[in-house]
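Biologist: I am new to this structure. Please take one part of it, look at it closely, and then follow it outward to whatever else can be described.

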Amino acid sequence: MKSKVVNSEAAKVKRYHKDMTKDGMRVSFVANREYGLAKDKYTATLHDNFMATSIAVRDRIVERWMVTQERYHDENAKRVYYFSMEFLIGRLLGTNIINLGLEKETREALKEMGFDIDELSENEADAGLGNGGLGRLAACFLDSMATLAIPAHGYGIRFEYGIFKQKIVNGYQVEYPDEWLRQGNPWEFQRAEYNVKVRFYGKTYISHDDNGKPRVHWIDTSDVLATPYDVPVPGYKNDIVNTLRLWSARASEEFDLSYFNDGDYEHAVLNKMTTENISKVLYPNDNISQGRELRLKQEYFFTAASLADIVRRYKMENKDVSELASKAAIQLNDTHPSIAIAELMRILVDEENLEWDAAWDATVNTFAYTNHTIMPEALECWPVGLFEKLLPRHLQIIYEINFRFLEEVASKFPGDNDRLRRMSIIEEGDVKKVRMAHLAVVGSHSINGVSELHSLLLKTRLFKDFYEIFPEKFNNKTNGITQRRWLKKDNEKLSDLITGAIGDKWTTDLYKLEKLLPLKDDKQFRAKWDEAKSANKKYLADHIRKTTGIAVDPSSMFDVQVKRIHEYKRQLLFSLYVLSEYLRIKSDPKAEMLPRTFIFGGKAAPGYAMAKLIIKFINSVAEVINHDRSIKDKMKVVFLENYCVSLAEKIFPASDLSEQISTAGTEASGTGCMKFMVNGALTIGTLDGANIEIAEEVGKDNIFIFGLKANEIEEMRYRGYNPNEYIERCRPLKDAIELVRSNFLSPIEFGLFDPIIYNLTSSDYFFVCADFEKYLKAQGTVSDTYRDRTGWIKRSIINVAKSGKFSSDRTIKDYAKDIWGIR
């Protein structure tokens, strides 16, 4: 009888959680607030009410999550494992509500109780688990894999502090810890039963088994516990829920009791504090040796824990570990996780006792590598001494991989010792280094770039030698973004207009937006399109006024560059253009100028001095222009601090012009350009990264392309480039540089911007001066085009209509078909 009662109660709970109605959401909210948070309507804070809402949504996800995982288990499905140091997932409440199809029900339920869903959503912390496009791409891919019903798990680190919180103080970037977990995370579940022991340091020795075969043992290690936290990832209205598993570092012992009993309380917890630093902060400053060691520890920590988890799961249903690739496809998101190749070899050879060749075949067939940059500093080379100290067994394995690989190269290119040097995983020199990108290429069955140009540069420049040996490994997978977040969620006004005009199938097939093309000639539709953009601009203008105190004109053109601050992304080119326009107005106050609001945003790595100086430079330009009453409302310059996902969701819908002006051949793809595009902004950009493919989709009349091409820059580097020749023949650029040199922007800190001037006039590595005049001309074309409002709106509609290629759904379908072997 008791069993029947229990089953009956369980059935009630199941029905309750399946209740996707307004009343069901209301009842769930009240129950969660009272029994889960021990609060009532009198004592609950806004954050409590956010938590109660999130848990109500989460309850409905969990049931689908359990059913999905049971199905994967029952079917013994092949799974994709996505390894990434970054997952910039942002706020999840709005996205999860949309993917469940609960927008109307949740909004109405909360409204009846006196709450506004948008206000509650502002109480959710941005999950600061990434620095930019790499982490946001990973988050988009998880959304697409769930929406496409691909069995998948993301693996990363549960950083306690994430990247950092940026404040602008006197124009300078100042970094503060981003305590995004301070008030808890309603979306995660700790899974301590799946803790994994991760080892560091120690030494190795060789023994022989009963058959006389040598076996390597890794002993006297310092151990760390990796504790998994699972975040459910729901697909869009398909009842599929995948998993993002993030690892947190814990000491294997909380404290040393002997030290504690002796009264040495600090020493008693020293190991705990040192151990848990592994998952404290994303990207520690690697300008110092301790930072470099911690960075390598982080990369090994999460890959080792993840591989142990994958092998455990595989062995639940399968016996032969040499067939791992038949059930597991591991995608390395950039070079950071490439140590996983050596770790899987260690597991298969040392723990599973496979012969080397069988283990190597399983490893290569399991791993695929996505390269995201040709910039040398991002390809990761670790000193051999650090490797030997931290991961002695892995260095031995890498040496063996390298020996066998170079034997293969030598057999194909006899006597070509220079080729062997170039291709070796070990870089010779005063300090020997392990080239992690080379390890990733050698140890993977697929290597892909993330745009057509980038993939070409991998084959013809960065990995040219490898392409000549393994041409079949190389392929392109142009990046994409999820339209569920970057149009449906972040731009409700435009997405409602689109759905009203062509239906909602674009939410799962972005190519359906091409149905908008005939509507560009519909005067009434264009008016509504313009109204949506104007409303979004007013919303952003209000946000700017509240957060910066700067009043901007919503009717001005919003000209925007928001992305990680780096010299190759050329925020300097944009800010010098702004300065030259200011000088033009000052020299001729009656000159015709299209009113513009120039909007910057982005973070500089804490150890990147030049990038931080560029932020100060931008803010100094803004300080001068915004306080010069003589130019009235012709120009305003805004730097929005602490650029993150939730801020991006305010910026993209309001933008008119998207600045994608990196030096040609440096930006692998870029996904910000796609987010601007799908929100109706037009692009001004170089022929770099995904800009090339955007231009192919929209046509040359609907994008503003300028500047040197990648091959032209390579030729100029080869024959010699003198930036002063370009400065002398471009008066606006020369005047802007002279103004900076005169300390006009730094009257108190003389010489502050001398490093910028020196770089521009001595080497100008990223060709700012060479491209400036053409950029200026392209900006003139932008102004002329924008004055024709009808023509601009038509171009805006065309850009949105032709954005179908840039959905992450398309990208993931290509990965699944060409690389993972999953339908």
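Modeller: What follows starts with one helix and moves from there to its surroundings, to empty spaces, and to some single residues. Keep in mind throughout that the model is predicted.

The starting point is helix H18, which runs over residues 452–462. Which of its residues are buried? They are Leu453, His454, Ser455, Leu457 and Leu458. The cover over these buried residues includes two strands, S16 (447–449) and S17 (474–476), and two helices, H19 (464–469) and H27 (691–698).

Two of these elements lead on to other residues. One route goes through lysine 805, which sits in the loop between helix H33 (789–801) and helix H34 (808–820). With residues up to four places away in sequence left out, lysine 805 touches Glu452, Tyr511, Glu693, Glu697 and Arg810. Glu452 belongs to H18 by its number, and Glu693 and Glu697 fall within the range of H27. Is lysine 805 buried or exposed? Its relative accessibility is 14%, so lysine 805 counts as buried, the limit being under 20%.

The other route goes through strand S16. The loop between helix H17 (436–442) and S16 holds glycine 443. Glycine 443 has a relative accessibility of 0% and therefore counts as buried. Apart from neighbours within four places in sequence, the contacts of glycine 443 are Ile341, Trp360, Thr363, Val364 and Phe367. Between the C-alpha atoms of glycine 443 and isoleucine 401 there are 8.6 Å, although 42 residues separate the two along the chain.

Isoleucine 401 has a number that lies within helix H15 (residues 392–412), and this helix also includes proline 392. Proline 392 counts as buried because its relative accessibility is 10%. Outside the four places on either side in sequence, proline 392 is in contact with Tyr201, Gly202, Lys203, Thr204, Trp218 and Phe387. Valine 321 is 71 residues from proline 392 along the chain, and their C-alpha atoms are 24 Å apart.

Trp218 falls in strand S8 (214–219), and the loop between S8 and strand S9 contains aspartate 220. Aspartate 220 is not a glycine, yet its phi is positive, at about 55 degrees. Most residues other than glycine have a negative phi. With 55% relative accessibility, aspartate 220 counts as exposed. Asparagine 642, also not a glycine, has a positive phi of about 55 degrees as well; asparagine 642 is placed in the loop between strand S20 (635–640) and helix H25.

Strand S9 and helix H25 each bring us to an empty space. Rolling a probe the size of a water molecule over the atoms shows where such space is left. There are 7 cavities of 30 Å³ or more, and the largest cavity holds about 180 Å³. Its lining has 16 residues, and those closest to its centre are Leu92, Thr95, Ala139, Asp143 and Val233. Helix H4, helix H7 (133–147) and strand S9 (222–234) each give at least two residues to this lining. The lining of the largest cavity consists of 9 nonpolar, 4 polar and 3 charged residues.

Helix H25 (645–651) takes part in the lining of the second largest pocket, and so does H4 (93–100). What is the volume of the second largest pocket? About 1,000 Å³. Among its 32 lining residues, Arg107, Asp118, Lys489, Asp490 and Glu492 are the closest to the centre. Helix H5 provides the largest share of that lining, with 6 residues. Sorted by class, the lining of this pocket has 17 charged, 8 polar and 7 nonpolar residues.

One pair of helices remains. Two packed helices are described by the angle between their axes and the distance between the axes. For helix H30 (residues 731–741) and helix H31 (residues 754–762), the angle is about 145 degrees and the axes are 10 Å apart. The crossing of these two helices is left-handed. H30 contributes Ile737, Val740 and Arg741 to the contact, and H31 contributes Ile757, Leu760 and Thr761. Of these contact residues, 4 are nonpolar, 1 is polar and 1 is charged.

The last residue is glycine 780, in helix H32 (residues 768–787). Its relative accessibility of 31% is why glycine 780 counts as partly exposed. Glycine 780 lies 66 Å from lysine 319, C-alpha to C-alpha, with their positions 461 residues apart in sequence.

Notes:
Residues are numbered from 1 along each chain as its sequence is written. This is a predicted model: local features need pLDDT of at least 70, side-chain atom pairs count only at pLDDT 80 or more; totals for chains, interfaces and linings use all residues. Side-chain values use heavy atoms; hydrogens and water are left out. Axes are lines fitted to C-alpha atoms, for helices over the stretch in contact, and angles run from 0 to 180 degrees between N-to-C directions. Helices (H or I, at least four residues) and strands (E, at least two) are DSSP runs, numbered from the N terminus. A crossing is left-handed if the near helix is turned anticlockwise from the far one by less than a right angle, and right-handed if clockwise. Contact means heavy atoms within 4.5 Å. Ala, Val, Leu, Ile, Met, Phe, Trp, Tyr, Cys and Pro count as nonpolar, Asp, Glu, Lys and Arg as charged, and the others, Gly among them, as polar. Buried means under 20% relative accessible area, exposed over 50%, partly exposed in between (1.4 Å probe, protein chains only). On a 1 Å grid over the protein atoms alone, a cavity is a set of points where a 1.4 Å probe fits but cannot get out, and a pocket is an open set with protein on both sides within 12 Å along at least five of seven lines; lining residues have an atom within 4 Å of a point. Grid points are joined across faces, edges and corners, and a volume is the space filled by probe spheres set on the points.
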